[in-house]
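Hi,

Here is the structure I promised to pass on. Could you take a look when you have a moment? My notes on what turned up follow right below.

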Amino acid sequence: MHALAEQLVWLSLTTALCGPVRELVRGSIGKNWTAYLVQKFDAHTVQDLSELTEGDLENAGLTEEQRRRLRTALNDHMRFLPKGRTQIQIKRDQVLRTVLDEIHREGGAPSLSNVLAATGTGNWAPRFAALGVRAWDDLLLLTDDDFAELGMTVLHVRRTQALLSRIRNETRQFGLSTLRHDAYPAAMRPLPEDVGAMLRRMNLSIYAQALAGHGVQSIEQLARSSHATLSASGVKLVQRRQLLSFARHRCAACT
């Protein structure tokens with residue numbers, strides 16, 4: 001029964017493709033690749049296919065000849081596509097505009113929920129929370145591999161990183177700090193003198209007792225700690241990166 005369900009899902013992916021994509025893939029490299037490219041890369045449109053790199057296609061298992069034939073077919077097809085943005089691109093821009101309006105009109109940081117919606121992960125909030133994401137700029141501390149482990153495809157990761165980069169640039173133009181690019185945001189000035197003060201400034205006092213139990217009682221000890229030590233203390237991924245970064249900058253500032 002499970003195998004039948006998988007076959008039905010695979011079939012639905014294939015039939016859900018728009019005609020041009022299905023015909024383009026089938027005509028250039030064979031029909032068996034159609035659903036595979038959709039599932040692996042979430043490539044539902046010709047534009048999606050055109051964003052795939054040679055490395056993407058090679059890693060997917062396409063031979064050099066198959067990659068050449070697919071590129072030729074894509075280039076031929078793209079010449080006949082209407083100029084301008086697609087409906088999908090227009091929708092993405094509309095959602096992004098909501099986020100930018102929060103920055104421009106209200107002069108404040110955008111909400112995490114709107115940024116997640118803009119990246120197409122509005123229903124992934126629990127997944128990000130498990131990594132310690134509490135605000136939109138926590139997303140800046142996640143790597144491509146982190147996003148991939150959450151379930152994002154290659155194209156989704158690239159679009160998400162590009163969108164986050166644009167939001168980061170917009171917020172910095174308005175003088176708003178981001179945790180990744182400012183060693184000490186406004187909330188961290190003046191420099192904290194001990195781990196307790198650092199944790200309080202970051203609203204992470206919940207970890208104070210666990211860290212002390214693992215021998216982390218000073219900023220110097222925190223700076224020398226490993227991710228494994230912080231993880232054993234229950235500190236989530238994003239907060240581990242923040243704490244280690246701030247502690248190491250703090251120690252460097254005192255030398």
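Arginine 127 sits over the face of tryptophan 124, at 4.1 Å from the ring centre. Bear in mind that this is a predicted model. There is another charge over a ring to look at: lysine 40 lies over the face of phenylalanine 41, 5.6 Å from the ring centre.

Back to the tryptophan, since Trp124 also belongs to a cluster, joined by ring pairs to Phe128 and Phe147. Searching the whole structure gives 3 aromatic pairs. One of them is phenylalanine 128 with phenylalanine 147: the ring centres are 6.3 Å apart and the planes meet at 70°, so it counts as edge-to-face, the cut-off for that being over 60 degrees. This pair links distant parts of the chain, with phenylalanine 128 in helix α9 (residues 125-130) and phenylalanine 147 in helix α10 (residues 144-150), 19 residues apart.

Are these two rings buried or exposed? Phenylalanine 128 has 2% relative accessibility, so it counts as buried. Phenylalanine 147 is buried too, at 1%; the limit is under 20%.

Then there is helix α11, which covers residues 154-173. Its 20 residues, at 1.5 Å a residue, should span 28 Å, and the end C-alpha atoms are 29 Å apart, which agrees. Which of its residues are buried? The list is Leu155, His156, Val157, Thr160, Leu163, Leu164, Ile167, Arg168, Glu170 and Thr171. When you look at the spacing in that list, remember that an α-helix has 3.6 residues a turn, so residues three or four places apart point the same way.

Cheers

How values were computed:
Residues numbered from 1 in each chain as written. Predicted model: local features only at pLDDT ≥ 70, side-chain atom pairs only at ≥ 80, totals over all residues. Heavy atoms only, no water. Helix = DSSP H or I, 4+ residues; strand = E, 2+ residues; numbered from the N terminus. Expected span 1.5 Å × (residues − 1). Buried < 20%, exposed > 50% of the residue type's maximum accessible area, 1.4 Å probe, protein only. Phe/Tyr/Trp six-rings, centres within 6.5 Å; stacked < 30°, edge-to-face > 60°. Lys NZ or Arg CZ within 6 Å of the ring centre and 35° of its normal.
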